[in-house]
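Trainee: I should like to learn how to read the features of this model. Please take me through them in turn.

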Amino acid sequence: MDISSDLTELGRTPVAVISAGVKSILDIPKTLEYLETQGVTVAAYRTNDFPAFFTESSGCQVPCRLDTPEECARLINANLNVRLGSGILIAVPIPKEHAAYGHFIESAITRALKEANDKQVTGNAATPFLLSRVNELTGGASLAANIALVKNNAYVGAKIAVALANLRRSPPLRSAI
């Protein structure tokens, strides 16, 4: 079983990661199970379904739905306050205008994976091969979608960062008792 070291690190570092899900070349249910085993909180932004990178849904339900940057900030703040020592993954679906290409890109990924297998492309060579081949097969649509994902994740992440900064700057609520 090939497990990326960043998944293990997410289980032992108190960090919040904003992403469009996990790489669509991965087994998403197994990845989510591994993250759970590592104690990583997995949430989705404005959806109950874990996004599949290039498509809005992987078919996997998330244990936690967050609808606002403030809700995300409260979850991150709580994780820091209780010192769990593990990270949080907040999955943000691809913007709707790019989701239309999702199934087209996914079929290109499936084809590229088969080609990589047939050509015995493995290890460190696999990801560059797959990215290049998928971009070629989609006529650049996968690259455009990837750029949209990065911009959207940065936008949502910035809103969450502002909400977290505001939350941590606020004085704690005191009991009247």
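Mentor: Just after helix H3 (69-81), arginine 83 takes a positive phi of about 55°, although it is not a glycine. Helices (H or I, at least four residues) and strands (E, at least two) are DSSP runs, numbered from the N terminus. This is a predicted model, in which local features need pLDDT of at least 70, side-chain atom pairs count only at pLDDT 80 or more, and totals for chains, interfaces and linings use all residues. Residues are numbered from 1 along each chain as its sequence is written, and side-chain values use heavy atoms, with hydrogens and water left out.

Trainee: Where does arginine 83 lie, and is arginine 83 buried or exposed?

Mentor: Buried means under 20% relative accessible area, exposed over 50%, and partly exposed in between (1.4 Å probe, protein chains only). Arginine 83 is placed in the loop between H3 and E4, and its relative accessibility of 72% makes it exposed.

Trainee: Which other residue that is not a glycine has a positive phi, of about 70°?

Mentor: That residue is phenylalanine 53, in the loop between E2 and strand E3 (65-66). Phenylalanine 53 has a relative accessible area of 18% and is buried.

Trainee: How should I read the buried residues of H3?

Mentor: An α-helix has 3.6 residues a turn, so residues three or four places apart point the same way. In H3 the buried residues are Pro69, Cys72, Ala73, Ile76, Asn77 and Asn79. They lie on the same side of H3, because their arc around the axis is only 160°, taken from the directions from the helix axis to the C-beta atoms. These buried residues pack against strand E1 (16-19), E2, E3, E4 and helix H7 (141-169).

Trainee: How is a nonpolar core recognised?

Mentor: In soluble globular proteins, nonpolar side chains tend to be buried together. A nonpolar core is a set of buried Ala, Val, Leu, Ile, Met, Phe, Trp, Tyr and Cys residues joined through side-chain atoms within 4.5 Å. Here the largest has 16 residues, and Ile28, Leu32, Leu35, Val40, Val42, Phe50 and Leu89 have the most contacts inside it. Two or more residues come from each of helix H1 (5-10), helix H2 (28-37), strand E2 (41-45) and strand E4 (88-91), with H2 giving the most, four residues.

Trainee: What is leucine 32 in contact with, leaving aside its neighbours within four places in sequence?

Mentor: Contact means heavy atoms within 4.5 Å. On that basis, leucine 32 touches Val42, Phe50 and Cys60. Apart from this core lies another, of 15 residues, among them Ala20, Phe53, Ala116 and Phe129.
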